[in-house]
Protein chains: 2
Amino acid sequence: MNSTIKLIGSLALLSPVIHQTAAKKPNIIFFLVDDYGWADSQVLYDGVQYDNNKRFHTPNMQKLADMGVRFSHAYACPVSTPTRTSMMSGMNAVRSHITNWTSMAKDEPSDAVGGANGAAIYQEKDEDVFRRPDWNINGISPVEGVASTQHVTPMVRLLRDAGYYTIHVGKAHWASAGTPGSTPYNMGFIVNVCGNNAGLPRSYRGTDNFGNTSELWNMSAVQDLTQYYGQNIFLTEAITQEALKMLDYPVSQNKPFYLYMSHFATHTPIQKDKRFFDYYADMGQDDGQSKYASMVEGVDKSLGDILDYLQKKNIADNTIIIFMADNGGNADVKAKGGILHKQNGPLREGKGSCYDGGIRVPMSVYWPGKVAGGTQIDTPVMPEDLFPTILGMAGVKNYNTVQEIDGKNLYRLIIDGSKYVARTNNRMVPEALSGINPQREVMFHYPHQWKVSYKPEVDFLSTLIVGDWKLVYVMMNAVEGQHVDPSNGMIPETAYNTSSIPGIKSGALELYNIKEDIGETRNVAASHPGKVKELARMMSERLRTNKASMPIVRATGKPVPMPDELL
Amino acid sequence: MNSTIKLIGSLALLSPVIHQTAAKKPNIIFFLVDDYGWADSQVLYDGVQYDNNKRFHTPNMQKLADMGVRFSHAYACPVSTPTRTSMMSGMNAVRSHITNWTSMAKDEPSDAVGGANGAAIYQEKDEDVFRRPDWNINGISPVEGVASTQHVTPMVRLLRDAGYYTIHVGKAHWASAGTPGSTPYNMGFIVNVCGNNAGLPRSYRGTDNFGNTSELWNMSAVQDLTQYYGQNIFLTEAITQEALKMLDYPVSQNKPFYLYMSHFATHTPIQKDKRFFDYYADMGQDDGQSKYASMVEGVDKSLGDILDYLQKKNIADNTIIIFMADNGGNADVKAKGGILHKQNGPLREGKGSCYDGGIRVPMSVYWPGKVAGGTQIDTPVMPEDLFPTILGMAGVKNYNTVQEIDGKNLYRLIIDGSKYVARTNNRMVPEALSGINPQREVMFHYPHQWKVSYKPEVDFLSTLIVGDWKLVYVMMNAVEGQHVDPSNGMIPETAYNTSSIPGIKSGALELYNIKEDIGETRNVAASHPGKVKELARMMSERLRTNKASMPIVRATGKPVPMPDELL
């Protein structure tokens, strides 16, 4: 009998029991929204209701937050590509040297190009104070030796190699055309719908063929959706339908899947999603805001459709959804209505900026049975954390990567942390429990000019956040002969402007207490010189260690000073 | 012990042994070449070397034919879409009413539009003799109720449902944009690279972004290949590399796969594949022919790369390759050099025509261990046969389809037939052995004007082939007051022209013996009135039974007569 039992045992080892166990790996859906503001939903990510929260109807985002854990201090890079490459690589953008969006075609720096076309090429102008920094203008590459790229082992490839069925739907934007990183197929995705080098669609309208008309076309026209051409369908809906179709295969095969549901919305162009527009217009919101809100609700409906699909397929209990935005809401787009630079309240500024409007983003994690629902965690998290976190959720261990990983695995923070919050009502999860220091350094670096005209609240900024304190380095103000007057955004022809803080050039280093002053309205650098110095040294250390990309001062030919050189 | 053995037995039923058995289903690669002439390779499909055969270097096509079985009388529809929809549906084009190529956007008939743009819309002109027929201008649809489509159960969906991992790479062209049939994802493909509504690329050059430039772009610009933009790579090579990449997943999973490797080459634009051009130019071939031959050799290299991949992965022995063209070589394109209308020798005319140049195509089937290599079968085969044949190869049985299937399963013809040929040297396989009647009716119907100016050797033709006899119905010659003079292609202002055959209007019904006269140079209708009548009645029967699309005579408002009405 003994040998028979052994035989059964060995058969069992190879039997479908094993397959079933393998299939119990959770499905993971990364639901990413583009240029989407922190307070632009019903969800109160820090528990407070702001004016913007009242202007949106997002029941599914609310449902997700109610069933999952929300993060009050989720951060992202100020523009699209760096956030996306940080997720895919696990690297902070300071290290990867991918600090700006990648332009459509390779070897064309996007610095100060502005506009949506991507065809323009950087040109230094006589009036420029800075020369653009040297950065990895072509994005990440899964292959070694591609010029101006950071070579990485993509997170999704590791997932696929671990048995995940990996699906890309929507916007990719990790790299420029002409490089391997521009296609999801090279990143480890088994299936791709739409994803490529483009960072936005030319149109959300099926009746515009999503940009594929001779009038609208450029490389941003959305690919792979011909069946919807000429039809009265919004892009958000079309790619949701495609995503659900793509899920059928792994679900039928009982394979764990990773769906990267990467919406183009709510990026420009701001267009009316007719299904939802009237609700907001009837409420008395202006035309632009009603359009934007209709796009947001389209995304909310997409999330709801995915939740419904999971229920229908009876896999909701074994599926994680991570909901997030790739950067702050755009606060510099007339088509959104309202007041420019104030569109992203309660936060200061928006996309492109290192003020919180550019980098603080909505984030919720849904994981039935694992996460204590309706909880809020205040520990700050960053895009590079998603690399180890998603691999951790998938049970992928002992992987090798060519790059050094900056991100932290948030697994325990999410699981044990949400339960701790539910139990104690204390939203600051101790490091001993989660492995994540609530006082960890959060750093973003934008040594670029975003658009053609200089915007002092957006361009050439870096930030370092530690706990409630936030340092903002205004690089322009560190240049001899330059000083930005924040009251009007002009660069006056003033002489070198010494600071009221001994040893700190005026306005170059700003300090905010973001707990007490969420809108970053009060620069308290002058009254907290010690904190300024402490954070400036930490920031400088990070910049030096990573040989960070720094703008070059044209007048001197030298890089802009490190913040601690200003002390 | 007895119950233990039962337990082992039931475990074994569920064990990986079963999975392995399932994995022994053969992989199937359908390798389709576009607008590719019957004699444009080293391979002698009927065992005879023609002048064209001497002008091409295609060692891999030769290798495939040497290891597999070649068909001397493989036929396809005269243009792209009907062949592709016949394969996908199993329907003859007379029945599906998809007799012409589908234009880029839905509801735009391609009749007489000509040109590559696809943006032009059919307009009846005063000088037109015919009004365009009513046909399914939007192609096939996997969904019911789509206007101007034939609703079908796609062959690939049945393959996928039977466990095949289905991959589409290259040109699709089953349906117009704005309809579900325009995307391979709706046809049962799990993965798609490039396939959509487009029937040709705007450029084969990576340096042209395969048409994705503001100068070149229209909807024919190739999608999904951004990583090659700006690079010195030919489209044929790029999609081959993509195809091999897509194969890695099913191979790693030990899943049987179906790869539809659908080359854009050798469709227009005729462009130089630099890797191969010089060989032909140095041989003294003219520039156009050297370009075309370089494109052909690019396809040959693609086939070789696939064969190498199968060897490397150790799956060659369990992989079928079906090599075929979608219609005859284009004989009406200046860029190919040589003499227009004679480019496709030894056959008469080319693409678009129901003379053999338009419909006779190269075809080989490679299936190691199953097929007797180096054999030639003379039984005629048609695109609709591929539907039951591929499902038969895959072991898919008892499937249901919404459409009626015209095609025949060639499985026994290929397997038993090739062995019979090897054994007997008789290339005409008996029906008792193969299930296929060597005298079966082969019918193609082109009730359309292909390009903007009327071409008598191409437009408004039908053909029925039975054995060595071929009837061609020249519809224009059946119209009162019209008669085409084949010597100059003009439509003289002649009165109604009675035939020298009593009861047959002159020139409307032509008869050829294609065994004795491969170039269809001798119309023997006058000397074989009985055969003309026999075939005309068979053709009429097919047209009536299927309520075939027929051009409307504008002068009378009535459809062109059935061929037997001319008798």
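Ala, Val, Leu, Ile, Met, Phe, Trp, Tyr, Cys and Pro count here as nonpolar, Asp, Glu, Lys and Arg as charged, and the others, Gly among them, as polar. This is a predicted model, in which local features need pLDDT of at least 70 and side-chain atom pairs count only at pLDDT 80 or more, while totals for chains, interfaces and linings use all residues. Residues are numbered from 1 along each chain as its sequence is written, chains are lettered from A in the order in which they are written, and side-chain values use heavy atoms, with hydrogens and water left out.

**Cavities**

Rolling a probe the size of a water molecule over the atoms shows where empty space is left. A cavity is a set of points, on a 1 Å grid over the protein atoms alone, where a 1.4 Å probe fits but cannot get out; its lining residues have an atom within 4 Å of a point. Grid points are joined across faces, edges and corners, and a volume is the space filled by probe spheres set on the points.

The structure holds 11 cavities of 30 Å³ or more. The largest has a volume of about 110 Å³. Its lining has 20 residues. Nearest its centre lie Asn212(A), Gln223(A), Asn212(B), Trp217(B) and Gln223(B). By class, the lining has eight nonpolar, 12 polar and no charged residues.

**The interface**

Chain A gives 43 residues to the contact and chain B gives 42; contact means heavy atoms within 4.5 Å. The two chains bury about 3,600 Å² between them, 61% of it on carbon and sulfur atoms. Buried area is the accessible area (1.4 Å probe) that two parts lose on being put together, summed over both.

Across this interface, 16 residue pairs are in polar contact, with both residues at pLDDT 80 or more. On the side of chain A that touches chain B, the elements giving two or more residues are α1 (2–14), β8 (191–193) and α7 (235–253). That side has 19 nonpolar, 19 polar and five charged residues. Helices (H or I, at least four residues) and strands (E, at least two) are DSSP runs, numbered from the N terminus.

A polar contact is a pair of N or O atoms within 3.5 Å; within protein, one must be able to donate a hydrogen and the other to accept it, and residues adjacent in sequence count only if both atoms are side-chain atoms.

**Charged pairs**

A salt bridge is a side-chain nitrogen of Lys or Arg within 4 Å of a carboxyl oxygen of Asp or Glu. There are 56 over all chains, but zero between chain A and chain B. Arg348(A) forms one with Glu457(A), the closest N and O atoms being 3.0 Å apart. Arg348(A) lies in the loop between β10 and α10, and Glu457(A) in the loop between β14 (441–446) and β15 (461–466), so the pair ties together parts that are 109 residues apart in sequence.

In chain B, Arg542(B) sits in helix α14 (residues 529–545). Its side chain makes a polar contact with that of Glu441(B) (3.2 Å). The C-alpha atoms of this pair are separated by 9.8 Å.

**Backbone features**

Two cis peptide bonds are listed here.

| Peptide bond | Omega |
|---|---|
| Gly345(A) to Pro346(A) | near 5 degrees |
| Thr268(B) to Pro269(B) | about 0 degrees |

Pro346(A) is in the loop between β10 (319–325) and α10 (356–359) of chain A. Glu349(A) is in the loop between β10 and α10 of chain A, with a positive phi near 55 degrees.

Methods. On a 1 Å grid over the protein atoms alone, a cavity is a set of points where a 1.4 Å probe fits but cannot get out, and a pocket is an open set with protein on both sides within 12 Å along at least five of seven lines; lining residues have an atom within 4 Å of a point.
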